[in-house]
Amino acid sequence: DNEGIIVSEGIIDSHSLRVGDCYNHLNDDQRKFLLELKLQELEDEGKSLSDLSEEERSKIETYEFSEVFAKPCDSPHNNELVSSSSSLFDFDSYPDAEVFENTAVMFCYPSLNRYLGLDDFNETKLDNFLYSRNLGFTYPTPDGWALGGRKITCYIESSDNIGSFKNFFIEFSLFIPITEL
């Protein structure tokens, strides 16, 4: 809609997702559809797969797309964007995976806390909530970094296929007794 809220489902570029957006990863049929579109685009440009760099060709041949299937958050979905930041790195060289992972953990867990409405970090509540879910994150590829990409994105992932994770957490917290250790 005009405010950027996802009101109908469809395939969008994952880079256009915003905090609170809900989505699923593409299924095989959607990935094949995108592959056909990308191959048609190449053909329309008078190109073929052999005209692409090895990396570009590999992404197409292995169905590596940055698109996701966006869904309104009140409908069943498997992923929900919790937070993102492009200001966590102030160096030019591409960091190793450990730096990304440590930075993401230090950023994503407090962000999830805020997203779920917890005033203070509550490890027990988060652990219970994350028991059948995963707090995941993405970070730039070396190519993305070379182009200036610095964004870390945090998301909740679940196979539950439920509506809003934030609303589910509130209901979960009301009905499941949490014992502090």
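Helices and strands are runs assigned by DSSP, a helix having at least four residues and a strand at least two, and both are numbered from the N terminus. With these terms, Ser86 can be placed in the loop between strand 4 and helix 3. The model described here is a predicted one.

## Overall composition

The secondary structure of the protein comprises 6 helices and 6 strands. Read from the N terminus, these elements follow the order β-β-α-α-β-β-α-α-β-α-β-α. The protein has 181 residues, of which 35% count as buried. Its exposed surface is about 11,200 Å², and carbon and sulfur atoms supply 50% of that area. Among contacts with a separation of 6 or more, 73% are between residues 24 or more positions apart.

## The two disulfides

How many disulfides does a search of the whole structure find? The search finds 2. With bonded cysteines counted along the chain, their pattern is 1-2, 3-4. The table sets out the two pairs.

| Pair | S to S distance | Torsion about the S-S bond | Handedness |
|---|---|---|---|
| Cys22 and Cys73 | 1.8 Å | about 100° | right-handed |
| Cys108 and Cys154 | 2.0 Å | about -75° | left-handed |

Which parts of the chain does the pair of Cys22 and Cys73 tie together? Cys22 belongs to strand 2 (residues 22-24) and Cys73 to the loop between strand 3 and strand 4, so this disulfide ties together parts that are 51 residues apart in sequence. The two cysteines can also be described by their exposure. Cys22 is buried, because its relative accessible area of 0% is under the 20% limit for buried residues. Cys73, with a relative accessible area of 22%, is partly exposed.

The other disulfide joins Cys108 to Cys154. This pair also links distant parts of the chain, with Cys108 in helix 3 and Cys154 in strand 6, 46 residues apart. Both Cys108 and Cys154 are buried.

## The nonpolar cores

In soluble globular proteins, nonpolar side chains tend to be buried together. The largest nonpolar core in this model has 15 residues, and the members that touch the most others are Val82, Cys108, Leu112, Ile152 and Cys154. Two elements, helix 3 (97-115) and strand 6 (152-162), give two or more residues to this core. Helix 3 provides the largest share, 6 residues. A second, separate core has 6 residues, including Ile6, Leu17, Val68 and Ala70.

Cys154 therefore appears both as a partner in a disulfide and as one of the core members with the most contacts to other members, where the bond itself is classed as left-handed because its torsion is about -75°. Apart from neighbours within four places in sequence, Cys154 is in contact with Glu80, Leu81, Val82, Ser83, Phe107, Cys108, Gly136 and Phe137.

## Helix 3

Helix 3 has 19 residues and spans 25 Å from its first C-alpha to its last, close to the 27 Å expected at 1.5 Å a residue. Which residues of helix 3 are buried? They are Phe100, Thr103, Ala104, Phe107, Cys108, Ser111, Leu112, Asn113 and Tyr115. An α-helix has 3.6 residues a turn, so residues three or four places apart point the same way. Just after helix 3, Gly117 adopts a positive phi of about 85°.

## Three serines

Three serine residues illustrate different settings in the chain, and each is considered in turn.

Ser75 is found in the loop between strand 3 (67-71) and strand 4 (77-85). Is Ser75 buried or exposed? Ser75 is buried, because its relative accessible area is 16%. A polar atom of the Ser75 side chain lies 2.7 Å from the backbone oxygen of Pro72.

Ser83 lies in strand 4 and is buried, with a relative accessible area of 8%. A polar contact of 3.2 Å joins the side chain of Ser83 to that of Ser111, a buried residue of helix 3. Leaving aside neighbours within four places in sequence, Ser83 is in contact with Val19, Phe107, Ser111, Ile152, Thr153 and Cys154.

Ser86 is partly exposed, with a relative accessible area of 46%. Not counting residues up to four places away in sequence, Ser86 touches Arg150 and Lys151. Ser86 and Thr153 are 67 residues apart in sequence, and their C-alpha atoms are 8.8 Å apart in space.

Notes. Residues are numbered from 1 along each chain as its sequence is written. This is a predicted model: local features need pLDDT of at least 70, side-chain atom pairs count only at pLDDT 80 or more; totals for chains, interfaces and linings use all residues. Side-chain values use heavy atoms; hydrogens and water are left out. A nonpolar core is a set of buried Ala, Val, Leu, Ile, Met, Phe, Trp, Tyr and Cys residues joined through side-chain atoms within 4.5 Å. Buried means under 20% relative accessible area, exposed over 50%, partly exposed in between (1.4 Å probe, protein chains only). Contact means heavy atoms within 4.5 Å. A polar contact is a pair of N or O atoms within 3.5 Å; within protein, one must be able to donate a hydrogen and the other to accept it, and residues adjacent in sequence count only if both atoms are side-chain atoms. Accessible areas come from the Shrake-Rupley method with a 1.4 Å probe; for residues, only the protein chains shown count as cover. A disulfide is a pair of cysteine sulfur atoms within 2.5 Å. The expected span of a helix is 1.5 Å times one less than its number of residues.
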